[in-house]
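This report describes a few local features of one protein model, beginning with its enclosed and open spaces and then turning to a sheet and to backbone geometry.

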Amino acid sequence: MIGVVVGAVLLLWGKEQVYSSQILGQNYRYNLVVASSGGEVEFLSFDPEEKEIVVLDWPRDLMISSRSVGSYKIGDLYKLGSYEGKSGEFTRQKVQGFMKVPIMSYIELEGEKADYKKGLWRVILQGSKVSSVERLDALLMLLRSAGYVEKRVEKEELTRAGVLTTNERDEYEYQEGRLQQFLGKRVLDWGVGGEGLGVAVINKSGIVGLASDVSSFFGNTGLSVIAVRGDTGQEEDVRVTLSNELTEEQAGRMQKLLYSWFGWENIVRGDTSEYRAEIVVELGRSAEDLF
């Protein structure tokens, strides 16, 4: 009897894991950050198309900027987030904000060096206590890490590429243009790019420059940015319209991706021919949370 109950529980757990998985059955990049309480931050991008893992080790004294909080060192993110009990989520959000690359999840490592393999094992053992990654996805990433090529980018390479510079206080700073060029070569999602879809970004938030910043996210995902426009209004929420010309399968994939990248749920089908794009994103003030 006990065996039957245990089996039923495992079956239900397995179904829940499969349903909530962001990786199983997907052929798109999966990005995450590993943040240690010592201030180290790793950005990882798993690419199933090229079967490689890009790992960026950001210097702890790198100064980054945020729309909502100002400027601070990347090594302080874990501590700043800990004041509200959200060290991992705060780090994820702020790294995503300055890189302008969707980061789907985080892993926290208390008192340890940022090491994604240790982090993935920690997720399997401790689950949501240390991460927003599902246990099944952590297992899938561990399995992939055994067969994928790891391409680790150190600060020396970023300095040679002009992405990182130092100021008069010998702190690292990043050059926005060079960073976007570098990321365009390293983390562009060819699975998304292969869809051949265009996106128009319309700013209805009343926040100056928000559409331009959000369009960089789309460029780094592999979508083609067709138009970036301002508009009047003080809308709060984001609204996405997917073209009626998309197949149900295409629309379903894009809906799942947009939710995975940004958590956007207000996604409808409609006529987008005015913008000559398959996806029209009308930004509200909540889009600033991406940063």
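## Residue classes and the enclosed cavity

In the division of lining residues used here, Ala, Val, Leu, Ile, Met, Phe, Trp, Tyr, Cys and Pro count as nonpolar, Asp, Glu, Lys and Arg as charged, and the others, Gly among them, as polar. The structure is a predicted model, and it holds one cavity of 30 Å³ or more.

The volume of the largest cavity is about 60 Å³, and its lining is made up of R29, N31, V101, P102, M104, V187, D189, N220, T221 and W261. By class, five of the residues in the lining of the largest cavity are nonpolar, three are polar and two are charged.

## The largest pocket

The largest pocket, with a volume of about 480 Å³, is lined by 22 residues, and those that lie nearest its centre are S21, Q22, K256, Y259 and S260. Two or more residues of this lining come from each of the elements α1 (2-20) and α10 (248-262), and α10 gives the largest share, six residues. The lining of the largest pocket divides into 10 nonpolar, seven polar and five charged residues.

## The second largest pocket

The second largest pocket has a volume of about 310 Å³, and of the 19 residues that line it, F262, G263, W264, D289 and L290 are the closest to its centre. Both α3 (87-99) and α10 supply at least two residues of the lining of the second largest pocket, with the largest share, four residues, coming from α3. In terms of class, the lining of the second largest pocket has eight nonpolar, six polar and five charged residues.

## A five-stranded sheet and the helix across it

Strands of a sheet pair through backbone hydrogen bonds, in either a parallel or an antiparallel sense. In this model, an open sheet of five strands follows the order β11-β10-β14-β12-β13, and its pairing is mixed. The edges are held by β11 (224-230) and β13, and because each has a single partner strand, one side of each is left without a neighbour in the sheet. From one strand to the next, the twist of the sheet averages 20°.

Over four bridges, β12 (residues 239-243) pairs with β13 in the parallel sense, and T241 stands opposite V268 in β13. The helix α10, which also contributes to the lining of the largest pocket, lies across β12, β13 and β14 and runs at about 160° to β12.

## Positive phi outside glycine

Most residues other than glycine have a negative phi. Against that background, which residue in the loop between β2 (41-47) and β3 (52-58) deserves a note? K51 lies in that loop, and its phi is near 55°, a positive value in a residue other than glycine. K51 counts as partly exposed because its relative accessibility is 48%, and the partly exposed class ends at 50%.

R276 is likewise not a glycine, yet has a positive phi of about 55°, and its place is the loop between β13 (267-270) and β14 (279-283). Is R276 buried or exposed? With a relative accessible area of 74%, R276 is exposed, since that class covers values over 50%.

Note on methods
Residues are numbered from 1 along each chain as its sequence is written. This is a predicted model: local features need pLDDT of at least 70, side-chain atom pairs count only at pLDDT 80 or more; totals for chains, interfaces and linings use all residues. Side-chain values use heavy atoms; hydrogens and water are left out. On a 1 Å grid over the protein atoms alone, a cavity is a set of points where a 1.4 Å probe fits but cannot get out, and a pocket is an open set with protein on both sides within 12 Å along at least five of seven lines; lining residues have an atom within 4 Å of a point. Grid points are joined across faces, edges and corners, and a volume is the space filled by probe spheres set on the points. Buried means under 20% relative accessible area, exposed over 50%, partly exposed in between (1.4 Å probe, protein chains only). Two strands pair if DSSP finds at least two bridges between them. Axes are lines fitted to C-alpha atoms, for helices over the stretch in contact, and angles run from 0 to 180 degrees between N-to-C directions. Contact means heavy atoms within 4.5 Å.
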